[in-house]
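The following exercises concern burial, core packing and backbone geometry. Each task is followed by a stepwise solution.

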Amino acid sequence: MKNFILVLASFVFSLSIYAKNESQPVSVEVTGKGKPIVLIPCFIVPGDIWNPLVKKLEKNYECHIVTLAGFGGKELIEFPWLPKVNESLKNYIIKNDLQPILLPHSYKETARVYNDNIL
């Protein structure tokens with residue numbers, strides 16, 4: 001167990017070395033027209049996980065497809081990254097004057113969106 005914790009700590013530290021300060025916590029691709037929907041992937045996949053659903057929704061909705069830093073070819077950001085991701089999502093919604101439907105990928109993401117007051 002002690003070795004596992006050391007390996008995990010080393011991994012996290014090495015990621016933070018390669019992360020860049022100027023990288024964006026989230027990137028968003030927008031497609032479609034209508035009421036906005038912000039599609040938030042879980043932490044292990046890029047935003048294109050939503051592509052099959054977006055193809056159906058974009059006819060009637062403006063889809064804001066989120067990809068988190070470190071996934072889908074996007075650069076990592078420095079740790080702690082979760083507060084930066086949450087703040088970035090909140091700022092994106094405010095900046096774009098959205099009153100969106102939020103569609104997190106999983107129950108865990110749904111809880112995070114509500115618990116971190118992204119709405």
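**Exercise 1. Determine whether Cys42 and Cys63 are buried or exposed, and count the disulfides.**

Step 1. Cys42 has a relative accessible area of 15% and is therefore buried (under 20% is buried, over 50% exposed, and in between partly exposed, with a 1.4 Å probe and protein chains only). The model is predicted, so local features need pLDDT of at least 70 and side-chain atom pairs count only at pLDDT 80 or more, while totals for chains, interfaces and linings use all residues. Residues are numbered from 1 along each chain as its sequence is written, and side-chain values use heavy atoms, without hydrogens or water.

Step 2. Cys63 is also buried, because its relative accessible area is 0%.

Step 3. With a disulfide taken as a pair of cysteine sulfur atoms within 2.5 Å, the count is zero.

**Exercise 2. Identify the residues of the largest nonpolar core and state which element gives the most to it.**

Step 1. The largest nonpolar core (buried Ala, Val, Leu, Ile, Met, Phe, Trp, Tyr and Cys residues joined through side-chain atoms within 4.5 Å) has 12 residues: Val26, Val38, Ile40, Phe43, Val66, Leu68, Val85, Leu89, Tyr92, Ile93, Leu98 and Leu102.

Step 2. At least two residues of this core come from each of strand 2 (35-40), strand 3 and helix 3; helices (H or I, at least four residues) and strands (E, at least two) are DSSP runs numbered from the N terminus.

Step 3. Helix 3 gives the most, with four residues.

Step 4. A second, separate core holds seven residues, among them Ile37, Trp50, Val54 and Leu57.

**Exercise 3. List the residues that Val38 touches, leaving out those up to four places away in sequence.**

Step 1. Contact is counted for heavy atoms within 4.5 Å.

Step 2. By this criterion Val38 touches His64, Val66, Ile93, Leu98, Pro100, Ile101, Leu102 and Leu103.

Step 3. Of these partners, Val66, Ile93, Leu98 and Leu102 belong, with Val38, to the largest nonpolar core.

**Exercise 4. Describe the peptide bond from Phe79 to Pro80 and the phi of Asp97, and place Pro80 and Asp97 in the chain.**

Step 1. The bond from Phe79 to Pro80 is cis, with omega near 0 degrees.

Step 2. Pro80 is located in the loop between strand 3 and helix 3 (82-95).

Step 3. Although Asp97 is not a glycine, its phi is positive, about 50 degrees.

Step 4. Asp97 belongs to the loop between helix 3 and strand 4 (101-104).

Step 5. With a relative accessible area of 69%, Asp97 is exposed.
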